[in-house]
Amino acid sequence: MNAQQTTNIVDIRYAQNGKSTLTDNLGMREMQAKAYEARHKRFLLIKAPPASGKSRAMMFIALDKLQNQGLKKVVIAVPEKSIGRSFNDTNLTRYGFFADWKVTPYFNLCDVQNEKDKAGRFVEFFGSNCKATVLVCAHATLRNGMKMLDDAAFNDVLLGIDEFHHTSADANSGLGDIVRRVMNNSTGHIVAMTGSYFRGDGVPVLRTEDEARFYPVTYNYYQQLNGYKHLRNLVLGYHFYHGSYLDHIAEVLDTTKKTIIHIPSVNSRASTGQGKYTETDAIMKIIGTLDHKDYNTGIYHIRTADGRMLKVADLVEDEMKDRNMVQDYLQKMKRPEDVDIIIALGTAKEGFDWQWCEMCLTVGVRGSLTEVIQIIGRCTRDSEGKDTARFVNMIAMPDAEQAEVKVAVNDFLKAITASLLMEQVMAPSWKFKTIKDDDENEAENDFIHTITIEGLKPLSSARTQQIVQEQLDDLKANILQDDLVTRAISGTTTPETITKVLIPKVIRERYPDLSEEEVEEVRQRVLVDTIVKGNTLYNDNGEPIDLNDNFDDNDNQTSDGNRLLKLANRFINIDKLSINLIDTINPFQRAYEVMSKTVDAPTLKVIQDTIAEQKLDMTIDHAVALVPAIKEYVAAHEGRVPQLNDPNPQTRELAAAYTVLANLKRRHMQGLNPED
């Protein structure tokens, strides 16, 4: 078997009943109608996968609040400007709704052709003389604009937040603070939407007491993909390679498929070291021969070896004029033939709407499971002529025993499938304090473990606090992917040189605005964070390296050589999920070909029920006692069984009982011990 072949880790087939894309007499799909039923709730939390129609659900709810619930204005905030196209003017009356969605161009602050004074226009929108009712902006504009407004400005205003996982229950989260201000200090309403209701750092999106005030509407990948008309197959695969990824990308890049290529960070070990522009140019040459560049749109026209002309969009380009031109083109595309391949680095991930996308090709291991789920969502929109969506991750060959690879890949696969079901699988977060820190007024949070460390420098600025609280995992990945650090770890460089010279060098390069004192504060947090999380750095002989510093403990870092394997250590409740999704793992020299069992819709449902049962505190006797009530519920709801995500606590109790008994029956039929 060729070691360079792409392995389909998951092959999920769905029923194609079309239910999730059928519309009712108001023009709403299944998820949208479910959310619209809860439109009168002041705080509404919609957890649904990419491509389920969350943006239009927001429009339906916002228009009802404006016309029927007495609200005066609507503010929609999205993570980045390119996502703003999801909230462009939309004709809704054509399909039966009572009004159309319209955004005054002056207050579309995501329009790349209208960049001037966005914070000022944000504040102007709330003025008494402003007649506009809808504003669309980026999260950053929301944060900046709210610094200039009193909380009362949101009285009778709906705040809609897309990709809500960007908020955090942490007290220093900018978006999280705005949410709490609107909830507690105004009469404003909130509709929060996300396709991955968890954060990679393990900190919850909302505090427990805040989340309890939100009315939840949950719609997961199982429901969404099982109800598509056209898309019937989701494939997740890993392509292991030796050497440079540019020498192997042609093996997995199918230029007949609409594709998003995410190249690795320049500091990543997967990077060639030649620079992102050089890598982008090399990929374009692999695609074909450049015919011309359209300087009115920024789109490259490339002719393939078999004579096809492809349109390629370059989102790696940093030059603002060219970048805005391409983003503007992508925001306005209307037909499949408008673009064929998009090459990106940090963009075109969450919320990016390209319904014809068939394949996401990602180079390098992504340390954030949230990022993986969001990338997968770029290709899972239902579209005529598209029956298969494919996510392929190109990864340098792991240097590990077969058994270790098999367990790690299976754990990673279980984590992905659990995350597709909106389950939190990341380990909890840690918070470190100095002895001098004053925590008398600090509220205790059960999701954060706090450790006091003597000699740890306090974070002296808002900038270092932001880095440590929101970007620490990404920074650690940068450090472990830095070529000098990698060589030092593999060689005879002293731990002191690594921790006090090379790691600060990476921090300075990533954050050139930091002072030397701030660099030192961040450096210490990087080291101590990895100590407590139990990650260990190994040399080429497999021996652990002690990175002794000025702390009492040994400072350890995680080797990036087997990042895919190491990531499995961050998943919780995975070992208890007794599902083997790996069929065979075959060695070829130092390569591994990992083949999976087919994961179809029924299997995905079993995973969902198994995870749910882990959370339940219900005995079999209690479940049996609720059987009559379950039967009454089913009879009263036209045969529909109670759901674990139902907002009604009594219904959730019945659903818990139903799940316990269903899993018990399944294990019995499989000949398993009921306690397994």
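1. Start with one term. A residue counts as buried when its relative accessible area is under 20%. Keep that cut-off in mind for His139, whose relative accessible area is 3%. His139 is therefore buried. The model you are looking at is predicted.

2. Stay with His139 for a moment. This residue is found in helix H4, which covers residues 139–146. Where does the side chain of His139 reach? It comes to the backbone oxygen of Ala77, at 3.5 Å. Ala77 falls within strand S3 (73–78).

3. Now step back to the whole protein. It has 676 residues, and 56% of them count as buried. The program finds 21 helices and 23 strands. The exposed surface is about 29200 Å², with carbon and sulfur atoms supplying 47% of it.

4. How do contacts in the protein spread along the sequence? Take those with a separation of 6 or more: 73% of them join residues 24 or more positions apart.

5. Next, look at the open sheet. Six strands build it, in the order S4-S3-S5-S6-S2-S7, and the pairing is parallel. Which strands are at the edges? They are S4 (134–138) and S7 (215–218), and each pairs on one side only. On average, neighbouring strands are turned by 15 degrees against each other, direction ignored.

6. One pair in this sheet deserves a closer look. Strand S2 (residues 43–47) runs parallel to S7, and four bridges join them. Ile46 has Val217 in S7 as its bridge partner. As background, strands of a sheet pair through backbone hydrogen bonds, either parallel or antiparallel.

7. Helices pack on this sheet too. Helix H3 (residues 118–125) touches S3 and S4. The direction of H3 makes about 150 degrees with that of S4. Helix H5 lies across S2, S5 (157–161) and S6 (189–194). H5 runs at about 145 degrees to S6.

8. H5 itself is worth a check. This helix spans residues 174–185, 12 residues in total. From its first C-alpha to its last it reaches 16 Å, close to the 16 Å expected at 1.5 Å a residue. Which residues of H5 are buried? They are Leu175, Gly176, Ile178, Val179, Arg180, Arg181, Val182 and Met183. Note that two arginines, Arg180 and Arg181, are on that list.

9. Move along the chain to a hairpin. Strands S11 (residues 299–303) and S12 (residues 309–314) pair in the antiparallel sense over four bridges. His301 has Lys311 in S12 as its bridge partner. Five residues sit between the two strands, and Gly307 takes a positive phi near 95 degrees in this hairpin.

10. S12 has another partner, S13. Three bridges join S12 to S13, and these two strands run parallel. Here Val312 stands opposite Ile341 in S13. So S12 pairs antiparallel with S11 and parallel with S13.

11. Finish with Val339. This residue lies in the loop between helix H9 (320–332) and strand S13 (341–344). Is Val339 buried or exposed? It is buried, with a relative accessible area of 0%. Leaving out residues up to four places away in sequence, Val339 touches Lys258, Lys311, Ala313, Leu330, Met333 and Trp354. One of these, Lys311, is the bridge partner of His301. Val339 and Trp356 are 17 residues apart along the chain, and their C-alpha atoms are separated by 9.4 Å.

Technical notes
Residues numbered from 1 in each chain as written. Predicted model: local features only at pLDDT ≥ 70, side-chain atom pairs only at ≥ 80, totals over all residues. Heavy atoms only, no water. Buried < 20%, exposed > 50% of the residue type's maximum accessible area, 1.4 Å probe, protein only. Contact = heavy atoms within 4.5 Å. Areas by Shrake-Rupley, 256 points an atom, 1.4 Å probe, with all protein chains shown as cover. Expected span 1.5 Å × (residues − 1). Polar contact = N/O pair within 3.5 Å; in protein donor to acceptor, adjacent residues only side chain to side chain. Pairing = 2+ DSSP bridges. Axes fitted to C-alpha atoms, helices over the stretch in contact; angles between N-to-C directions.
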